[in-house]
Amino acid sequence: MKTQVKALVVGGGAVGTSIAYHLAKAGWNDVMLLERDELTSGSTWHAAGLLPLFNMSFATTHIHKYSVDFYKTLEAETGLNAGFAVVGNLRLAQTQDRMDEYMLYASTAETCDVPYVWMTPDEIKAKWPLIETSDLKGALYHNTDGYINPADVTQAMAKGARQRGVDIVRKWQADAFHWNGTHWEVTCTKMVEKGGNLVPSDEQIVITAEHVVTASGNHAQTTAKKLGIKIPAIPVEHQFIVMDQDPALVEYRAAGNPEHPVIRDADAQSYVREERGGWILGVYEKNAPAVFEYGVPDSFRADLFPLDLERIEDQYMAMIHRIPSCEESGLKDDFNGPICYTPDGNPLVGPAPGLHNMWLAEGFSFGITAAGGTGYYLAQMMVDGEAEIDMASLDPKRYGDWMTTEWAARKNEEAYDHVYIVHHPDEERPACRPLRTAPAYDRQAARGAQFGFVNGWERPNYFAPAGFNDHDARSFRRGGWWQYAVEEAKAIREGVGLIDATAFTKHVVKGPGATAFLDWFTTNKLPKVGRINLTYALTSHGTTRTEYTIVRMKDDEYYLVSAGAWTAYDADYLRKAVADKEPEFGRIDVQNVTTQWGVFAIAGPKSRDVLNAVIKDADPATALSNKRFPWLSARQIELGMCPVNAIRVAYTGELGWELHHPIEMQNYLFDLLEKAGGAHGMKLVGARAQNWLRQEKSYRAFGNELGRDATPLEADLPRFVDMSKDFHGKEAMEAKGIRSKCVTLLIDGPDDADPWGREAIYDGETRVGRLTSGGYSVAFSKSIGMGYVRPDMAVVGTRLQVKMLDQLWPATIVEDSPYDPSNTTIRVDG
Ligand SMILES: Cc1cc2nc3c(=O)[nH]c(=O)nc-3n(C[C@H](O)[C@H](O)[C@H](O)COP(=O)(O)OP(=O)(O)OC[C@H]3O[C@@H](n4cnc5c(N)ncnc54)[C@H](O)[C@@H]3O)c2cc1C
């Protein structure tokens, strides 16, 4: 057995095996896969093997699509038939809301080149007469996916991996991980059978590896403990039943008809497929419990839990309604196995927090579907430094150190329960909330705040009258909350509004090496003391890793503000870069001060009047004037008795200030501003209105326009890139050229809907790009969006179409910052 390898993959389920295969395929010829038991002995062996292309996330759709295409090639490569039945996938809709959901999804599918077809109830009935269609609105049909044998596809990938030189070692468990400064030393224990259990023996070896990947499935909590990190991957019980033969189905097939597609009756929380003349019914039922919160017991190997028929009764009855001929079919077999989940249902793929060359591939609930693509894109990240798609939405660091086992377990149960709910784009999930609240939370709640979840924080989305029910107001069109966001947006454009931006990520970077480091780390010129700059940290591939507002507090002290949803993700990249560069630049201290500072953003033509009423200064009348407090500068001011680091910027594009204040004084400041604002009609404003307003100014948002799939030049932000200096990722950025370009569009859409930022952009019949943001513009009284189009199209005045609700709507590319392009209102003096 080798004791020195380039990469060690821990876990021989579908996911680990695919990663080992793809690392070898990408050119690493010294890869080992370690499995504590037998290949596929985790969740992989009992999966139903469905390969749904449907996914609302751009990255995950790419991953699933790669898998489906890749699995079709495996037999030719390995000689092993993995039993891929390309029967298609039929998604039924019982309501218009569900049809709207499919139409939004179809837009995402289109942007990823996933084919689909719409079907009416009559077309379904004509093609598959056993299906009851009287209560259906329609269906979405993918003809390119289907189901596969999970164990066989894993064995085929294992064979392909071995053919490419991968060592696959079974019955060894990775037990301890030590980073020696250049390599991982992984202590591994030989596992032996004892009384039917698999237990560690006394035999141990140490394997040295440059890179380690963990794909440990249901063992993620044990892996987390061994690595000293948090991984919110905890399994939930998931059931499917196999039914005896259905005579009507047998007859239908005997007549030469093809196999039914996988039938997904989302409104009945179930999926159905054929199995040897009978049916398999799989369910995403309520109250499925999380399991193995503190690790998998030795006694649980390739085992199952007892069937809980009561839990799936509703779904079973719904299946009899949907396929009446199965009513007499008995129960042949049942599977209730652990299926790993994460709080948002997406897996955790990418660099582990705080550790060098440690990669996670954990928390897969659709692991058979995702295995192929995960292996492909993770191998790109490990071998080339970046994947060709932005993997941030799957990054393991999208949750912070604040999370606990209890939180992850309850959220994972919710994610399971929510698989087949209607996924409104304005959905907010209720479990485990509120948890992270800033002091003003209670005050905001009392004033009607409807909160959204941002990295655990409660942040107002909008404010509504007492008794308003956010849940019932959600929609794919303009939801019941829309009018409140319109009023809030208008308040900022015409008067004054106060936005809670406490969730922002905040770092202090200081010390003798800070200036040289940040100059290298970010694209823009560093600001002078007291000034601020917008700037970007790039990946080694020249794409955008993080957007920062940098305030220079002193010569060698900087305050960095970045997106609230990405605290751990940003902190990790910054700290790792500092650790790498400190020997070159000198001492650099990094402090994450996110939870020490609250932030209120006050904005609107009357914002100066509100602040003037409470500012304490020797000459209060001029303290906020352009002369003493110019745009894009920062000052320490006093508002009443609250010391405030004020920054003159507003993400809404109006005159405004961000008021960074000690978190413990937040309620004092809130009351002070509310009282002073009362005289000027100040409105509390939520994130939804802010998101619309920033699009009128073409302000790019991280995670939407800004990410690891585009450079700042492609985001059309050359003014924040100082080409006269050297910075990390510069050469790669230049080499990328302009593959597509960010633009702002005004859209003449439907009367009752705005885009969400996932829609395809067309020029006639040709797809030329996709939206990354969308919403409503109060300044132009129509829909607005931002997105990427082919560079030759990115010309002001170009007329295109945006696909919404399955129709093309006229859209025009407008100049950057269509509202107040010369920034007159922002710079206004007073
Ligand atoms: C009833 C049911 C039906 C399902 N149906 C589908 C479906 O239709 N489609 C779909 O896409 N998904 C389905 N799934 C989900 C799917 O089974 C999982 O997502 C997938 O198997 C996860 O693969 P994995 O490789 O991540 O984990 P696993 O298959 O659990 O593999 C992890 C492996 O790591 C090994 N291991 C752990 N720790 C160590 C260590 N320290 N050292 C060495 N080895 C270690 C384990 O022994 C295990 O073999 C279903 C799940 C269930 C329960």
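**Exercise 1.** Compare the radius of gyration of the protein, taken over C-alpha atoms, with that of a compact globule.

*Solution.* The globule rule is 2.2 Å times the number of residues to the power 0.38. With 830 residues, this rule gives a radius near 28 Å, and because the protein has 28 Å, the two agree. As a next step, consider the C-alpha box along the principal axes, which is roughly 90 × 65 × 50 Å. Finally, 62% of the 830 residues count as buried, where buried means under 20% relative accessible area with a 1.4 Å probe and protein chains only.

*Basis.* The model is predicted, with local features requiring pLDDT of at least 70 and side-chain atom pairs pLDDT 80 or more, while totals for chains, interfaces and linings use all residues. Residues are numbered from 1 along each chain as its sequence is written, and side-chain values use heavy atoms, leaving out hydrogens and water.

**Exercise 2.** Describe the residues that surround the ligand.

*Solution.* Begin with the count: 37 residues surround the ligand (a heavy atom within 4 Å), and the closest are Glu 35, Thr 44, Phe 364, Gly 367 and Thr 369. Then sort the shell by type, which yields 16 nonpolar, 18 polar and three charged residues, with Gly counted as polar and Asp, Glu, Lys and Arg as charged.

**Exercise 3.** Which N or O atoms of Glu 35 and Leu 50 lie by ligand oxygen atoms, those of the side chain or of the backbone?

*Solution.* For Glu 35, a side-chain N or O atom is 2.7 Å from a ligand oxygen atom. For Leu 50, a backbone N or O atom lies 2.8 Å from an oxygen atom of the ligand.

Technical notes: A polar contact is a pair of N or O atoms within 3.5 Å; within protein, one must be able to donate a hydrogen and the other to accept it, and residues adjacent in sequence count only if both atoms are side-chain atoms. Buried means under 20% relative accessible area, exposed over 50%, partly exposed in between (1.4 Å probe, protein chains only).
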